Amino acid sequence: MTLAFKKKDKDKGKDKPKKSEDERVLIPEVRSETVAATPGGPSTMAPMASAAAVQATSLSHGPGAATALAEPDSASPETSPVTDAAPVATSPDAGPSPLAPAPPAPPARPVLPPVPDSLRGAMVTSGPYKGRLGELLVETKRITPIQLEEALVIQAASGERLGESLVSMGALAERDLVEALAVFFAMPIANLHVEDIEPEAAALIPEALARRFNVMPVRMNDDVLMVAAVEPTDELRTELARATGRKVGLMIAGQSDIRWAIDSNYRALTGVNQLVAAFRVADEARRRTNEAASPEVVADDAPVVQVVDRILTQAMRDRASDVHIEPTDESVRVRFRIDGALNEVLELPASMGPGLVSRIKVMADMNIVERRRPQDGQLTTIIDGKEVDVRVSTVATIMGETCVLRILDKTRSVLRLNDLGMPEDTHHAYSKLVRAPFGMVICAGPTGSGKTTTLYATVSEVASPQVNVMTIEDPVEYVFPSINQIQTNEQAGLTFATGLKSILRQDPDVILVGEVRDVETTRVAVQSALTGHFVISSMHATDSVSALHRLLDMGIESFLVASSVLAVVGQRLLRRICVSCKTEYQPTDEELAFFEESGGLPKESFFYGAGCNYCSHTGYQDRIGIYELLVMTPEIRRLVVGWATQEELRAIAVKQGMRTLRQEAIGLVQQDITTIAEVVRSVYTL
Ligand SMILES: [Zn+2]
């Protein structure tokens, strides 16, 4: 079976005679057609397959790449090496490109019969591009010849695929690679962010197989199982066809999209229903025999044990920071906090509540008999091959014990200061401040405003072999290789205050105090800052100015505050509009009024996230920090000593150039990064 250019591709080529290479015409088309595709429908396939076809037999995409893409049922006689392939005819716009530096093999394109619609994308037998992937990328100006040379060296050493090497060295965006591969393999792109995965399709390939082959089944096209793959080779198609007993059609998707699709579609919580049923059976039996103990807590394969494992696994995959397990009237509610907002994920029978909490207590080495007093614990477990620390807190409510788990992913890398998203000038001023030999810098914000991230980024910035950095934290969220970190332990009498006092006897230069929340700790921290140490700490306060007032309210003398504090950073995390479903919309009158009175400049269009698979239909994905940096200038110090009001302090700070949180947040709306509603939610309230 052979394929040819669609008519309109040729026409486009004629319109632009200078861009004589077909790829130049084709690639923008891939992009536009992919974007224009309707969600859920079969038309989400970009009809690349119809583009053209020549032999793919010599196409080298690194070790293990496709050599022949013939679908077994329709193997064509043309699957001979390129050197043997005599073109039937040459397409009118083929020929050496005036832009590309002398391509080794000038593309000669056979004009072949058109592809039947039923075969588009599903069972294409060969790729349109005659040459190597690297050459295609160079010719289409996605990479430079030098980058290609570098990548080939890396590829030879690492054995990975050429595309992978280019993406990992930062020469090529994954999206561009996917588009190039779509041309290269003449296959449609699977837009996993938009397309709904059909459960029947997903059921045909179990999770383990999907992970092993790096594929995501998407839907059934009649009797053909359409599968998105990173590397859509013929061998893969054969393997999948054998494993599923179906005809398989392949589509292309990026590595990160496939991984995301697997994580979000094969939910760890899927099998929970069966576990609940098993639990009910065991529970009834136990009731009948009046057994007092909870045997399900003991056995490793007991339903309750497995449910806890699955909840934790799913929480990690969903990037949740906290898991809430709460008994209600009729059930046990499980909620995840993701990007700062709580989402209900599971409802379990009320009778399961005590067993779940007991299981977690056993894991966290807590007292399972004590059910009325609040308890804290910590556990370490392996989830999806990663070591994860979980901090556990239980409290008895009138409905029973609630359990909150804070997930601390130790493998997350610590951000550097310039990764925090501070504007250039704020970053510059802040990094100068934190290099002061002594004094105190405070990060202020409510819970979940990213204070810990800022503290850690600051510490990793100032840490060096010449500096003794010591920390007292609750909890230790990241472990630094060369820093002395202390975890508070109230039972052992190690509080922030006592820990800080012992640190002072350890000859420190830089001290990180996780949080100043009581007078004693604050007083020692202020004293340390005044006696030649650089102290960085966080404080629960609305903004920079209110943090200063909080110190005064605690009873710290105003002259001590004025002389010890170098700066206060007020901060918040705002959710970013999901890039996959970003849509223009008309804000309400109230929103517009808020935008204007916060200093927003006139703006033609506003955007929000309409909701898609990628963002779990929240319209937001990831967060970005906003910061207001209050520097203690002589004038501010004088005002602090004189107990000036918050309004006076803020007015002077703004006059001296401080941009407030609200101004910074509105700036992000101006740049279409977040929404007015999100600004109202996170900045305007507390
Ligand atoms: Zn979205």
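# Exercises on a predicted model

Strand β3 is mostly covered, with six of its six residues buried. The structure is a predicted model, and the exercises below start from this strand.

## Exercise 1. The sheet around β3

Task: work out which sheet contains β3, how its strands pair, and which strands lie at the edges.

Solution.

Step 1. Find the strand order. The sheet is open, has three strands in the order β1-β2-β3, and its pairing is mixed.

Step 2. Find the edges. Strands β1 (215–221) and β3 (247–252) each pair on one side only, which makes them the edge strands. From one strand to the next, the twist averages 30°.

Step 3. Take the pairs in turn. Strand β2 (residues 224–229) runs antiparallel to β1, and six bridges join the two. One pair to locate is Asn221, whose bridge partner in β2 is Val224. Between β2 and β3 the pairing is parallel, again over six bridges. Here Leu225 has Val248 of β3 as its bridge partner.

## Exercise 2. The two faces of β3

Task: sort the residues of β3 by the way they point, and decide whether they are buried or exposed.

Solution.

Step 1. Sort by direction. Lys247, Gly249 and Met251 point one way from β3, while Val248, Leu250 and Ile252 point the other way.

Step 2. Check the burial. The residues on both sides of β3 are buried.

Step 3. Look at the helices on the sheet. Helix α9 (residues 234–244) lies across β1, β2 and β3, and runs at about 135° to β3. Helix α10 (residues 255–265) also packs on the sheet, where it touches β1 and β2; its direction makes about 75° with that of β1.

## Exercise 3. A pair of helices

Task: describe how α11 and α12 pack, and name the residues that make the contact.

Solution.

Step 1. Choose the quantities. Two packed helices are described by the angle between their axes and by the distance between the axes.

Step 2. Read them off. Helix α11 (residues 272–288) packs with helix α12 (residues 303–317) at an angle of about 155°, and the axes are 9 Å apart.

Step 3. Classify the angle. Angles over 145 degrees count as roughly antiparallel, so α11 is roughly antiparallel to α12. Their crossing is left-handed.

Step 4. List the contact. From α11 come Val272, Leu275, Ala278, Phe279 and Ala282, and from α12 come Pro303, Val304, Gln306, Val307 and Arg310. Sorted by class, the contact has eight nonpolar, one polar and one charged residues.

## Exercise 4. Backbone exceptions

Task: locate Lys141, Asp339 and Pro475 in their loops, and state what the backbone does there.

Solution.

Step 1. Recall the background. Most residues other than glycine have a negative phi, and most peptide bonds are trans.

Step 2. Take Lys141. Its phi is positive, about 60°, although Lys141 is not a glycine. Lys141 sits in the loop between α3 (133–139) and α4 (145–158). Lys141 has 12 other C-beta atoms within 10 Å, and therefore counts as exposed, the cut-off being 12 or fewer.

Step 3. Take Asp339. Asp339 is not a glycine either, yet has a positive phi of about 50°. Its place is the loop between β5 (331–338) and β6 (341–349). Asp339 is buried because it has 21 C-beta neighbours inside 10 Å, where the cut-off is 20 or more.

Step 4. Take Pro475. The peptide bond from Asp474 to Pro475 is cis, with omega near -5°. Pro475 belongs to the loop between β11 (469–473) and β12 (484–487).

Methods. Residues are numbered from 1 along each chain as its sequence is written. This is a predicted model: local features need pLDDT of at least 70, side-chain atom pairs count only at pLDDT 80 or more; totals for chains, interfaces and linings use all residues. Axes are lines fitted to C-alpha atoms, for helices over the stretch in contact, and angles run from 0 to 180 degrees between N-to-C directions. Helices (H or I, at least four residues) and strands (E, at least two) are DSSP runs, numbered from the N terminus. Angles under 35 degrees count as roughly parallel, over 145 as roughly antiparallel, 65 to 115 as roughly perpendicular and the rest as oblique. A crossing is left-handed if the near helix is turned anticlockwise from the far one by less than a right angle, and right-handed if clockwise. Two residues are in contact if their C-beta atoms, placed from the backbone, lie within 7 Å. Ala, Val, Leu, Ile, Met, Phe, Trp, Tyr, Cys and Pro count as nonpolar, Asp, Glu, Lys and Arg as charged, and the others, Gly among them, as polar. Two strands pair if DSSP finds at least two bridges between them.
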